[in-house]
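Please look over the sequence and the model shown here before reading on. The paragraphs after it go through the model step by step.

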Amino acid sequence: MAVRKVAVTLPEELFEIVERARAIEHRTRSEVVQEALRTHFGEAVYVPSDEERRLLVAALDEVADAPEKIRDWEQVRAELRADR
């Protein structure tokens, strides 16, 4: 798939939303924006439930209040495996 690099100007509040989402989801800005565009234009993407959204917002708030609590993906995977 060909890739093109573009520059986009965002209002501060949208930039903060992108930054919070990428921090908690361990994704790049490009991945977050790509998913938003796919959702907007109707490409099939995963749509979280209300409960998942609530948990994500709570996690984003927690990260904003205590960034030292951020875990990398390998830590999360290990915890999920341990819960099985």
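What follows moves from the whole chain to two of its helices and then to a pocket.

The model is predicted. Its chain has 84 residues, of which 10% count as buried. It contains four helices and zero strands, so the order of elements along the sequence reads α-α-α-α. Along its principal axes the C-alpha trace spans about 40 × 30 × 25 Å. Among the contacts with a separation of 6 or more, 42% join residues that lie 24 or more positions apart.

Helix 1 is made up of 14 residues. From its first C-alpha to its last, helix 1 reaches 20 Å, close to the 20 Å expected at 1.5 Å a residue. Which residues of helix 1 are buried? They are Val18, Glu19 and Ala21. Seen down the axis of helix 1, these buried residues fall within an arc of 165°, so they line one face of the helix. An α-helix has 3.6 residues a turn, so residues three or four places apart point the same way. The buried residues of helix 1 pack against helix 2 and helix 3. On the face turned away from the buried side are Glu12, Glu13 and Ile17, which are exposed. After helix 1 comes His26, with a positive phi near 55°.

Helix 2 has 12 residues, which at 1.5 Å a residue should span 16 Å. The end C-alpha atoms of helix 2 are 17 Å apart, which agrees with that expectation. Gly42, just after helix 2, also has a positive phi, of about 90°.

The last topic is the empty space between the atoms. Rolling a probe the size of a water molecule over the atoms shows where empty space is left. The largest pocket has a volume of about 2,100 Å³. Its lining consists of 49 residues, and those nearest the centre of the pocket are Ala21, Glu25, Arg27, Val32 and Glu35. Ala21 thus appears twice in this account, as a buried residue of helix 1 and as a residue of the pocket lining. Two or more lining residues come from each of helix 1 (12-25), helix 2 (29-40), helix 3 (50-65) and helix 4 (73-83). Which helix gives the most to the lining of the largest pocket? Helix 2 does, with 10 residues. Sorted by class, the lining of the largest pocket holds 31 nonpolar, four polar and 14 charged residues.

Terms used: Residues numbered from 1 in each chain as written. Predicted model: local features only at pLDDT ≥ 70, side-chain atom pairs only at ≥ 80, totals over all residues. Heavy atoms only, no water. 1 Å grid on protein atoms, 1.4 Å probe; cavity = no way out; pocket = protein on both sides within 12 Å on 5 of 7 lines; lining within 4 Å. Points joined across faces, edges and corners; volume = space filled by probe spheres on them. Nonpolar A, V, L, I, M, F, W, Y, C, P; charged D, E, K, R; others polar. Expected span 1.5 Å × (residues − 1). Buried < 20%, exposed > 50% of the residue type's maximum accessible area, 1.4 Å probe, protein only. Arc of directions from axis to C-beta. Contact = heavy atoms within 4.5 Å.
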